[in-house]
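Open the model in your viewer and keep the sequence panel at hand. We will go from one selection to the next, with a short stop at each.

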Amino acid sequence: MRKKDSKIIIPNADTQDVIHEAQRLIARKLGSTSRRHFLRQGLTLGGMVMLTGCDISDNSSVEKALVAISGFNDRVQAWLFGADRLAPEYAESMITRPFPFNAFYGEEEAPEVDAQTYRLQIAGNVLDKSSWSLTQLYQMAQVSQITRHICVEGWSAVGKWGGVPFSTFLKLVGADLNAKYVSFKCADDYYTSIDMATALHPQTLLALTYDGQILPRQYGFPMKLRMPTKLGYKNPKHIKVIEVTNAYPGGYWEDQGYNWFGGS
């Protein structure tokens, strides 16, 4: 068997110029030594996750540089991602209790979805656009995982999620598995999107339960997408619509400058 040549991606001169220019401009704009240190450390090939989520300046040159770096970071993360690269799984004794609530609103504002009338809508490049009731979803074969949720704010927590492998669901509805994106619209007005490779990853789960119980309201009832390979903001809750598409859908935080790929 012929040995496959290994390749290393090295930033070209244009990329290095963008990084150096961004470092120079940011250093001039920031007054905090610690934050400046953080950003300088982050402006590297391997450490740029979520950099563009920082509200550092309205200077157009800084924004242009950060957008270029963010796009470069997305491409590198996508290149490194693979179905054989699994996130760690943990023992039940390591579950974080209580598991933290996280959203762009307070816990008391989490939407209340009626289980009886709820229907999951399917759209885009799929053969079967029939809606799904919770009863139908609960009847599907389910698996569970104990994985770590990593938040961009700097904390993490281990939780136990159960549900349907998302790849199984996509194949069942006849999704175009060669499409570029899968997007999600949620009952709390949140929206996001992922690449098809992540959608088909063996640990990507259409989560219906948490710690052996029906998914609680604060954790995303009636369902969320659980992806231990992504940062927390890429894991949508209270999902209402799933769409398979080739048109870039963006996302709630991504449209405000956060990295789109969002790998953990």
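Two strands count as paired here if DSSP finds at least two bridges between them. Helices (H or I, at least four residues) and strands (E, at least two) are DSSP runs, numbered from the N terminus.

This is a predicted model, in which local features need pLDDT of at least 70, side-chain atom pairs count only at pLDDT 80 or more, and totals for chains, interfaces and linings use all residues. Residues are numbered from 1 along each chain as its sequence is written, and side-chain values use heavy atoms, with hydrogens and water left out.

**Whole chain**

Show the protein chain as a cartoon: there are 6 helices and 9 strands to find. Of its 264 residues, 47% count as buried (buried is under 20% relative accessible area, exposed over 50%, partly exposed in between, with a 1.4 Å probe and protein chains only). Now colour by pLDDT, the predictor's confidence in each residue, from 0 to 100. The chain averages 80, and 68% of the residues score at least 70. Select residues 1-11, where pLDDT stays under 50 and the model has 6 contacts beyond four places in sequence (a contact means heavy atoms within 4.5 Å). Residues 28-57 also have a pLDDT below 50, with 65 contacts in the model beyond near neighbours in sequence.

**Strand β6 and its partners**

Next, select residues 205-210, strand β6. Is this strand enclosed or open? 6 of its 6 residues are buried, so β6 is largely enclosed by the rest of the structure.

Add β3 (residues 156-165), which runs antiparallel to β6 and is joined to it by 5 bridges. Gly-163 stands opposite Ala-207 in this pairing. Then add β8 (residues 224-226), paired with β6 in the antiparallel sense over 3 bridges. Click on Ala-207 again: Lys-224 in β8 stands opposite it.

A third partner is β7 (residues 213-214), antiparallel to β6 and joined by 2 bridges. Thr-209 has Ile-214 as its bridge partner there. β6 and β7 form a hairpin with 2 residues between them, and Asp-211 in the turn has a positive phi of about 55°.

**The cavity**

Stay with Lys-224, as it is one of the residues lining the largest cavity. To see the rest of the lining, select Phe-99, Pro-100, Phe-101, Asn-102, His-149, Trp-161, Gln-218, Tyr-219 and Lys-237 as well. A cavity here is a set of points, on a 1 Å grid over the protein atoms alone, where a 1.4 Å probe fits but cannot get out; lining residues have an atom within 4 Å of a point. The structure holds 1 cavity of 30 Å³ or more, and about 50 Å³ of space lies in the largest. Grid points are joined across faces, edges and corners, and the volume is the space filled by probe spheres set on the points.

**Leu-134 and Ser-131**

For the last stop, select Leu-134 in helix α4 (residues 134-138). Leu-134 counts as buried because its relative accessibility is 4%. Beyond its neighbours within four places in sequence, Leu-134 is in contact with Ala-115, Tyr-118, Phe-221 and Pro-222.

Step back to Ser-131, in the loop between β1 (121-124) and α4. At 34% relative accessibility, Ser-131 counts as partly exposed. Draw a C-alpha to C-alpha distance to Leu-120: 5.3 Å, across 11 residues of sequence. Not counting residues up to four places away, Ser-131 touches Arg-119, Leu-120, Gln-121 and Gln-136.

Notes: On a 1 Å grid over the protein atoms alone, a cavity is a set of points where a 1.4 Å probe fits but cannot get out, and a pocket is an open set with protein on both sides within 12 Å along at least five of seven lines; lining residues have an atom within 4 Å of a point.
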